[in-house]
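Please keep the sequence and the model side by side while reading, since the paragraphs below move from the ligand site to the interior and then to a few backbone details.

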Amino acid sequence: MSATSPHRSVLPPEIRARKGTAPLVVLTAYTTPGARLVDPHCDIALVGDSVGMVLHGMPSTLGVTMEMMILHGRSVVKGLTRAMAVIDMPFGSYEESPQQAYRNAARLMAETGAPAVKLEGGAHMAETIAFLTRRGVPVMAHIGLTPQAVNTLGGYKVVGREGEADSVMEDARAVESAGAFAVVLEKVPMGLAARITQSLTIPTIGIGAGVQCDGQVLVVDDMLGLFTDFRPKFVKRYAELGRTADEAIAAYAAEVRGRQFPGEEHSFPDTLPAKGPK
Ligand code: KIV
């Protein structure tokens, strides 16, 4: 299948129609093997721009480029048979104008095969979301804490407490009216997230936004415990793969230093054993 042919799996209208039914399960994926792991269990594999921090050691998502998203997006789409890929628009690729957003969204979809994009921002991005959706680009919105705006927000803080609640609700309504098929609510207080979920007709997908959202998303490396030093409150660790990997690598290093690895079973004899009588 080429990158531009129709995706085989779930498509945005089906995700939208899941509102009020079973919760949507979303995890990030950045590579083909990662996509193969999430595919049997998830409705959406999000090619998040978190890839910059997770796989490229960047301090934030701001340095992520279109080329990086295309490379990882293509890799993820190859590993999916049922889950839908959604690909993040990186910082600087959509904020300037609806036309710029369309050019880059079309490129992301055409060059990766992902059937939808995600972009950050509420009411101020509504015009762009409407422009994209009217031209065949399904958009998942992302409001609350928008990590690409970390420098204007002043950190990775909860967004929507007290005086901020009305503006987060307005953002949610604006992206829905603009045609987004779903909206990510990041680090939004749980009561507000529940009210937004009740008042929208599109699914809300929470990350640090409580259990009442229509779905949940996590960065897969976080929930697998691959980082030993990163423990945000909203992440539940379902495994401790970082610790397991550390123990395995330490055991390998000790065995190499102690000349215990490789054993005979991992080595090739100089002559093949004689074949016995038939
Ligand atoms: O980039 C990402 O992984 C995300 C999720 C955390 C929602 O945007």
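Around the ligand, with at least one heavy atom within 4 Å of it, stand Thr28, Leu46, Gly48, Asp49, Ser50, Asp88, Lys118, His142, Ile207 and Val219. Three of these residues bring a side-chain N or O atom to an oxygen atom of the ligand as a polar contact (a pair of N or O atoms within 3.5 Å): for Ser50 the separation is 2.5 Å, for Lys118 it is 2.9 Å, and for Asp88 it is 3.2 Å. Of the 260 Å² of accessible area that the ligand has on its own, the protein covers 94%, areas being calculated by the Shrake-Rupley method with a 1.4 Å probe.

This is a predicted model, in which local features need pLDDT of at least 70 and side-chain atom pairs count only at pLDDT 80 or more, whereas totals for chains, interfaces and linings use all residues. Residues are numbered from 1 along each chain as its sequence is written, and side-chain values use heavy atoms, with hydrogens and water left out.

Turning to the interior, a nonpolar core is a set of buried Ala, Val, Leu, Ile, Met, Phe, Trp, Tyr and Cys residues joined through side-chain atoms within 4.5 Å, where buried means under 20% relative accessible area, exposed over 50%, and partly exposed in between, using a 1.4 Å probe and protein chains only. The largest such core has 80 residues, among which Val117, Ile129, Leu185 and Ile205 touch the most other members. Helix α8 (residues 165–178) gives the most to this core, contributing 7 residues; helices here are DSSP runs of H or I with at least four residues, strands are runs of E with at least two, and both are numbered from the N terminus. Beyond its neighbours within four places in sequence, Val117 has contacts (heavy atoms within 4.5 Å) that include Val86, Ile87, Ala105, Leu108 and Val139.

How many disulfides does the model hold? The count is 0, a disulfide being a pair of cysteine sulfur atoms within 2.5 Å. Cys42 cannot form such a bond because the closest cysteine sulfur, in Cys213, is 16 Å away. Cys42 is buried at 2% relative accessibility, and Cys213 is buried at 7%.

Finally, the backbone: most residues other than glycine have a negative phi, and most peptide bonds are trans. Glu162, in the loop between α7 (150–153) and α8, has a positive phi near 45° and is exposed, with a relative accessible area of 75%. Lys187, in the loop between β6 (182–186) and α9 (190–199), has a positive phi near 50°. A cis peptide bond, with omega about 0°, joins Phe261 and Pro262, and Pro262 is found in the segment after α11 (241–257).

Note on methods: Polar contact = N/O pair within 3.5 Å; in protein donor to acceptor, adjacent residues only side chain to side chain.
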